[in-house]
Amino acid sequence: MAALNQALVLALESSPKESYVVAVETLLRLLDNIIREPQNARYRTVRIDNPSIREKLLSVEGMKQLMLAIGFIESNGTLTIPSNVLLANLRRYREFIHERKELVKNPPNQSVKSEPEMVLQPSGSSATMQQPQQKHQQQPVIKSSRPFLERIEFPRVVQGNNSLLRQLELLSDQVMQYEDELLLASARCFIPIDSLMAKAKSKLTQWKRLLESNPKPDQGQPAKEPSEEDLLLEELTAWFRADFFTWVNALPCTVCGNESTQHVRSMVEDGVRVEIYRCCGQLRHFYRYNDVEKLLQTRRGRCGEWANCFTFLCRSLGYDARYVFSTGDHVWTEVWSERRQRWIHVDPCENVLDAPLMYEHGWRREMVYVFGFARDDVQDVSFRYTNNHHKLLQRRQQKGECSEQTLLDAIWKLRTKRRAGLSCTPERVSYLRKRTIDECLELLGNAGRIPTAAEREGRSSGSLEWRLQRGEQQINTRYMFIPTEEEVQAKQFNIRYCCATDCYERFLKGASNRVNERITETSNGWESRQYVSRNIFRKEEYDWKMVYLARTEGTDEATIEWNFDFSVQGLRVKQIELRFGQETYEGAKVELYYIKSDGSQSQALSSLCECGKFTLQARLSGGKMWQHAQLFRQSKSATDEYPFEMNIVLM
C-alpha cells in the first residue's frame with residue numbers, strides 16, 4: 001500500500017484559510033463520492049477546465065500535486081482515479097486530510113469568547129437555551145456513571161412471550177441509557193456547537209429576509225420563520241452524516257484494501273452481536289454495539305448505530321427526542337419541535353428531515369409497525385409513515401403479531417413505567433397526555449396525504465451493491481432546468497435526448513421549427529440532466545445493436561425524474577409538446593406522471609398549462625424480466641433521432 005504523503009497535505013495549510021478550507025472540503029467530497037460508490041465511473045473523473053474545480057480546488061497551490069500523490073492521473077484535461085487504486089489508501093488520505101482541516105478550522109488553543117454561544121440544555125417539558133458547561137475539546141474523555149447493562153436494567157411490566165411486545169419493552173428500556181448525565185456531558189464535547197449555531201443563525205437571517213420580501217408564503221411553506229432550535233437540528237444532522245459517523249457495509253481488508261470482504265458468520269460475545277469477515281487469510285470482527293458510550297468511540301455502523309448515537313446527541317443538546325423503530329428493517333429519530341408543536345422525522349443516515357413518507361414511496365417499503373421511544377413516552381407512530389392506513393391495518397391482520405387491543409395495553413403499561421421511573425410531575429404528565437391526544441389526531445389526518453418530492457426519493461446510504469440487493473439504488477444528480485436569458489427572451493424552452501449518443505441537446509427553434517434551429521447546450525450521459533433516479537441504467541444490446549434505458553437487473557420497479565422551474569423568471573407554461581418513447585413487453589408498464597410543486601400529480605400533459613414549476617416522472621414496473629419496460633429504445637446507428645423531446649412555449 002502506498003505511503004501517506006503527509007508533507008503534501010500539510011503544505012496546503014500555507015494558503016489563506018478561507019481558500020484552503022473551500023479547496024479541502026471540495027477534495028473531501030470527491031473522495032467521499034468515490035469511497036461511497038466505487039463502481040460509479042462518473043465520480044472518479046473531474047475536468048480541469050470545470051470552473052468549480054478550477055476556482056475552488058486547483059486554485060490552492062500544491063493541490064494538484066497532492067491529488068496526483070493520492071492516485072489521480074492527469075490525462076486529456078482530466079484528473080482520474082483509476083479503478084486499481086485501493087480504496088483503503090483513499091480512506092487513509094481522507095481521514096488525515098479531514099483531521100488537518102478540523103485543526104485548521106478549530107485550533108486547540110482558541111481563545112474563549114467573551115460572550116459564549118448558547119446551547120440547548122434539558123429543562124422540564126421542553127428544550128430551553130442555557131450557557132454551555134464547557135468548550136468543545138479535540139479529544140474529549142468519554143465517561144458514564146454506570147455500565148451499559150445497569151443503565152438499561154428495569155423490571156418487566158409486559159408479560160408473556162410475544163416477540164413484538166418483548167422487543168418494545170427492550171427498546172423502551174434501552175433509550176434510558178441516554179439520561180446518564182456524565183455521558184451527556186461527554187457527548188456535548190464532540191459537537192462543534194459554535195459553528196453549527198452560527199450556521200443556524202445565518203439561515204434564520206435568510207428566512208427573515210425571505211419572509212419580509214414575500215409576506216404571503218406559498219402553499220406548504222411555513223407561515224413564520226423556523227426557530228433557531230429547528231435550524232440547529234438541521235445543521236446537527238448534516239454534520240453528523242458528513243463528519244462524525246461512518247457507514248459500514250463490511251469491514252475492509254487491512255492487507256489488500258478490499259471493500260467487499262466475505263461475511264463468514266455472526267456470533268454473540270459478552271452480549272454484543274459480532275459480525276466476522278474474512279479476506280487474505282485474516283478474520284476481522286465488527287461489533288454491533290447498542291451502548292452509546294461505545295458508539296462515541298467507534299463512530300461507525302449501519303442504521304441501528306446511526307439512529308442510536310444521533311438520538312443520544314439530540315438528547316445531549318436538550319431536545320426531546322425519540323428513537324424510532326420499524327419492523328421494516330430500519331430505524332431513525334424523531335425530535336419534538338416547540339415552534340411547530342409536532343414531532344419532526346429525522347433520518348441521520350440520509351440527512352433528511354420531515355419526510356416521513358419516503359420509506360413507503362421512495363424506498364418502496366411496506367410499513368407495518370413503527371414505534372417511537374422516548375424517556376417518558378412510547379407511541380405507535382405507524383400512521384405517520386404511511387398515507388394508506390387501511391392497507392397498513394390489513395397487513396397487520398395478515399401478520400397476526402398481536403391484536404390492536406393487546407398492543408395498546410402494552411404501550412399504556414410502558415408509558416406508565418417510564419413516567420413512574422422519572423417521577424414525572426403532575427404538570428408534566430398532563431402535558432404529555434395532551435400532546436399524545438394531539439399527535440393521534442395529527443396521525444389520523446395523515447391518511448391520503450400526497451408525498452412531497454423529498455418523500456419520493458430512494459435510499460442513498462450504504463454501498464451501491466448493498467442498495468441494489470435491497471432494490472434501493474438511487475442516483476441524485478439534482479439537476480434542475482431553469483431558463484437561460486435567451487430562452488426567456490424567446491419565450492421558449494426545448495430539450496431532447498438521443499439514447500444512441502447518450503446525449504442531451506438544449507436548443508432554440510428557428511422561424512419554422514427545425515429550420516435555423518440553434519443548439520445552445522449539449523450534455524453527455526442520461527443521468528447528467530435528470531433530477532433523481534432509482535434502479536435505472538442504460539442498456540446496450542450488442543447482438544441487436546439497440547440501446548435503451550431500463551430497470552437494473554433483479555429489480556421490480558424503477559423511477560426517473562426530470563425537474564423544470566420557469567417560475568424563477570416569473571414564467572409559466574403556455575403550450576407544451578412531449579415525445580417520450582417507450583416499449584413494453586409481457587405485461588410490463590411505463591407510467592408517466594406530471595407532478596406540480598404542491599405535490600399534486602396527473603397523467604394528463606395538459607395539466608401543466610399555466611404551471612411554473614413541475615417534475616416529469618417515469619415509473620417502470622411489471623413484466624417477466626427487468627428489460628420488459630424500456631425507455632427511449634432506438635438503434636445505435638440512429639444518432640440523429642430523439643425519442644425524448646420536450647417543446648414548451650412560455651408566457
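Start by selecting helices α2 and α5 and looking at how they cross: the crossing is left-handed. Keep in mind that this is a predicted model.

With the pair still on screen, pick residues 17-36 for α2 and 87-105 for α5; the two helices pack at an angle of about 155 degrees, and their axes lie 10 Å apart. Angles over 145 degrees count as roughly antiparallel, and α2 and α5 therefore run roughly antiparallel to each other.

Now show side chains along the contact. On the α2 side, residues to click include Tyr-20, Val-24, Leu-27, Leu-28, Leu-31 and Ile-35. Facing them from α5 you'll find, among others, Leu-87, Leu-90, Arg-94, Ile-97, His-98 and Val-104. Colour the contact by residue class and you get twelve nonpolar, one polar and eight charged residues.

Next stop, the sheet. Hide the helices and select residues 45-47 (β1), 73-75 (β2) and 78-80 (β3). What is the order of the strands in this open sheet? Reading across, it goes β1-β3-β2, and the pairing is antiparallel. β1 and β2 stand at the edges with a single partner strand each, so one side of each has no neighbour in the sheet. Tilt the view to check the twist: neighbouring strands are turned by 25 degrees against each other on average, ignoring direction.

Finally, zoom in on β1 and β3. These two run antiparallel and are joined by three bridges. Which residue of β3 is the bridge partner of Thr-45? Select Thr-80, and you have the partner.

How values were computed: Residues are numbered from 1 along each chain as its sequence is written. This is a predicted model: local features need pLDDT of at least 70, side-chain atom pairs count only at pLDDT 80 or more; totals for chains, interfaces and linings use all residues. Side-chain values use heavy atoms; hydrogens and water are left out. Two strands pair if DSSP finds at least two bridges between them. Helices (H or I, at least four residues) and strands (E, at least two) are DSSP runs, numbered from the N terminus. Axes are lines fitted to C-alpha atoms, for helices over the stretch in contact, and angles run from 0 to 180 degrees between N-to-C directions. Angles under 35 degrees count as roughly parallel, over 145 as roughly antiparallel, 65 to 115 as roughly perpendicular and the rest as oblique. A crossing is left-handed if the near helix is turned anticlockwise from the far one by less than a right angle, and right-handed if clockwise. Contact means heavy atoms within 4.5 Å. Ala, Val, Leu, Ile, Met, Phe, Trp, Tyr, Cys and Pro count as nonpolar, Asp, Glu, Lys and Arg as charged, and the others, Gly among them, as polar.
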